[in-house]
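Colleague: Got a minute to walk me through this one? I'd like to go over the ligand site, the domains and the sheets.

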Amino acid sequence: MSLFAKAATPQLSSFKITKEEFLQLRDFIYSQCGIYIAENRMYLIENRLSNRLKELNLKTFGEYYHYLRYDMNRRKELNRLFEVMTTNETSFYRNPPQLKVFQEKVLTAVIAEQRAKNDKKIRIWSAGCSTGDEPYTIGIILHEVLRSEILQWNIKISATDLSEAVLLSARRGCYSEYALRTTPRDIVSRYFTKSGAQFMVCDKVKRLVSFSQLNLSDMLAIKRLDRSHIIFCRNVIIYFDDEMKKQVISSFYDNLLPGGYLLIGHSESLHNISKAFQPQHHTGTIVYRRMS
Ligand SMILES: C[S@@+](CC[C@H](N)C(=O)[O-])C[C@H]1O[C@@H](n2cnc3c(N)ncnc32)[C@H](O)[C@@H]1O
């Protein structure tokens, strides 16, 4: 996956951005959501935001910055900015070797510990859930592992994202065949209903997941979340600079219950970011554990 896949290569856009405007907007975006845009990517802002200028009838990126800071509709526009600046690429059963470790090692360990405590409760957080493919995959795996016993468990998968648009689509739970390209066929037939060219996630999986908007740069909002046994944050911190990565990873540490697990994307690492977790090496993936 390329970083910022929506506009990976420079293209001609109808508005030209000056260096000063770029720095202003770049710093604003960073302060609002932690997404960091390097100076050799001026074209990225030009390409992605030109349509916003056109739609708002503005002439320069400077005017757009002013709109974002002071206009009475700035809250609404901030959401549009998040929509266009985020990369939402995702799919069901993304990174199967990691999910195998999740199913066979992580989840079975958490289930065994909860059973031993006679506390049949599991909390999982999918941070940066995009259109829902990841949290629904987690829900399917929970059904696969617990089978009919799942009815005796109190399970909640909290799925959060910055972008309202992806959350709207996630709540619908309706997907193309492409989103299911690495999903085992028998899973597709047991957990989805086909409607024309679309695949709908079944209700028993939907029921496990609750979606809400959450900005990972909002530490106070994170503190208000339920504590988790497992956090998935895959292919999200790749868009942050080191300072923001450290802040987010430390807030995950605080959110995890003692003994809890953090799963990140296959191209991401906690090297130079955090020493708080114990890395556990498995075939094809590393799982990070909060020990106490
Ligand atoms: C590439 S997708 C990854 C989706 C999924 N985790 C996966 O691996 O398939 C990255 C998601 O992170 C979200 N995101 C980016 N910055 C964020 C922030 N500051 N707070 C919350 N979500 C953010 C984006 O909106 C996007 O949906």
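Modeller: Sure, here are your questions with my answers, and keep in mind that this is a predicted model.

Colleague: Where does the ligand lie relative to domain 1 and domain 2?

Modeller: The domain assignment splits the protein chain into domain 1 (5-85) and domain 2 (96-289). Both of them give residues to the shell around the ligand, so the ligand lies between them.

Colleague: And how many residues of the shell around the ligand are charged?

Modeller: The ligand is surrounded by 25 residues, with T86, T90, G128, S130 and L162 the closest. Of that shell, 8 are nonpolar and 12 are polar, and the charged ones number 5.

Colleague: Which helix gives the largest share of the side of domain 1 that touches domain 2?

Modeller: Taken over C-alpha atoms, the centres of the two domains are 30 Å apart. Their contact takes 7 residues from domain 1 and 11 residues from domain 2. On the domain 1 side, the largest share is 3 residues, and they come from residues 74-85, helix α4.

Colleague: What kinds of residue make up that side of domain 1?

Modeller: Helix α4 gives 3 of the residues there. By class, the side of domain 1 that touches domain 2 has 1 charged residue, 2 polar and 4 nonpolar.

Colleague: On to strand β1: is it mostly covered or mostly open, and what is the handedness of the crossover from β1 to β2?

Modeller: β1 (residues 121-127) is mostly covered, with 6 of its 7 residues buried. It pairs with β2 (residues 154-161) in the parallel sense over 7 bridges, and I122 has I155 as its bridge partner in β2. Between these two strands the chain passes through helix α6 (residues 133-146), and that β-α-β crossover is right-handed.

Colleague: Which residue of β7 is the bridge partner of I124?

Modeller: β1 runs parallel to β7 (residues 228-233), and 3 bridges join them. Within β7, the partner of I124 is I230.

Colleague: Which strands stand at the edges of the open sheet β3-β5-β4?

Modeller: This open sheet has 3 strands with antiparallel pairing, in the order β3-β5-β4. Two of the strands have a single partner each, so one side of each is left without a neighbour in the sheet: the edges are β3 (174-175) and β4 (192-195).

Colleague: Last one: what is the bridge partner of C174 in β5?

Modeller: β3 and β5 (residues 198-201) pair in the antiparallel sense over 2 bridges. In β5, C174 finds its bridge partner in M200.

Technical notes: Residues numbered from 1 in each chain as written. Predicted model: local features only at pLDDT ≥ 70, side-chain atom pairs only at ≥ 80, totals over all residues. Near = placed C-beta within 6 Å. Nonpolar A, V, L, I, M, F, W, Y, C, P; charged D, E, K, R; others polar. Domains from an automatic or database assignment. Buried ≥ 20, exposed ≤ 12 C-beta atoms within 10 Å, placed from the backbone. Helix = DSSP H or I, 4+ residues; strand = E, 2+ residues; numbered from the N terminus. Pairing = 2+ DSSP bridges. Right-handed = clockwise from strand over helix to strand, strands pointing away. Contact = placed C-beta atoms within 7 Å.
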